[in-house]
Amino acid sequence: HREAQATSPKARSKAEALAIAEGLLAEAKDDFAAAVKKGDPGSDEDLGRLFQGNLERELEYAVFSLKKGEVSGVIPTLRGFWIVRRIK
């Protein structure tokens with residue numbers, strides 16, 4: 001969204017981005033891969049191994065609080081809204 005870091009002035013509004021993320025949340029809990037395909041460019045099913053201390057505080061807390069296979073809620077960060085699934 002336009003208020004996120006390193007985005008284009010042509011990006012969608014914060015309200016539109018949040019509505020899209022909230023709309024994808026239920027699908028992400030049922031079929032994460034399908035929800036990822038509907039997400040923004042750069043969305044991926046597996047971002048690889050993540051280490052503590054490398055992510056924004058909100059995102060890191062969510063990732064490391066989830067149990068294997070769980071999907072987060074919508075996480076607001078400085079770089080936009082995220083929905084994450086813990087793989088391992």
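Helices, here runs of at least four residues, and strands, runs of at least two, are assigned by DSSP and numbered from the N terminus.

**View 1. The order of helices and strands in the predicted model.** In this predicted model, the chain holds 3 helices and 2 strands, and a reader who follows the sequence meets them in the pattern α-α-α-β-β. Among the contacts with a separation of 6 or more, 31% join residues that lie 24 or more positions apart.

**View 2. The overall dimensions of the chain.** The C-alpha atoms fill a box of roughly 35 × 30 × 20 Å along the principal axes. The radius of gyration is 13 Å, which agrees with the value near 12 Å for a compact globule of 88 residues. The accessible surface comes to about 6,300 Å², and 50% of this surface belongs to carbon and sulfur atoms, while buried residues make up 28% of the chain.

**View 3. The largest nonpolar core.** In soluble globular proteins, nonpolar side chains tend to be buried together. The largest nonpolar core here has 8 residues, namely Leu 24, Leu 25, Ala 28, Phe 32, Ala 35, Val 36, Val 71 and Ile 83. Both α1 (14-30) and α2 (32-38) supply at least two residues of this core. Within it, Ala 28 touches Ala 35, Val 71 and Ile 83, when residues up to four places away in sequence are not counted.

**View 4. A second core.** Separate from the largest core is a second one of 6 residues, which include Leu 59, Ala 62, Leu 66 and Val 84.

**View 5. The charged residues.** The chain carries 15 positive and 14 negative charges, and the mean positions of these two groups are 3 Å apart.

Definitions and conventions
Residues numbered from 1 in each chain as written. Predicted model: local features only at pLDDT ≥ 70, side-chain atom pairs only at ≥ 80, totals over all residues. Heavy atoms only, no water. Rg over C-alpha atoms; globule rule 2.2 N^0.38 Å. Buried < 20%, exposed > 50% of the residue type's maximum accessible area, 1.4 Å probe, protein only. Contact = heavy atoms within 4.5 Å. Areas by Shrake-Rupley, 256 points an atom, 1.4 Å probe, with all protein chains shown as cover. Lys, Arg positive; Asp, Glu negative; His and termini not counted. Charge placed at Lys NZ, Arg CZ, Asp CG, Glu CD. Core = buried A, V, L, I, M, F, W, Y, C linked by side-chain atoms within 4.5 Å.
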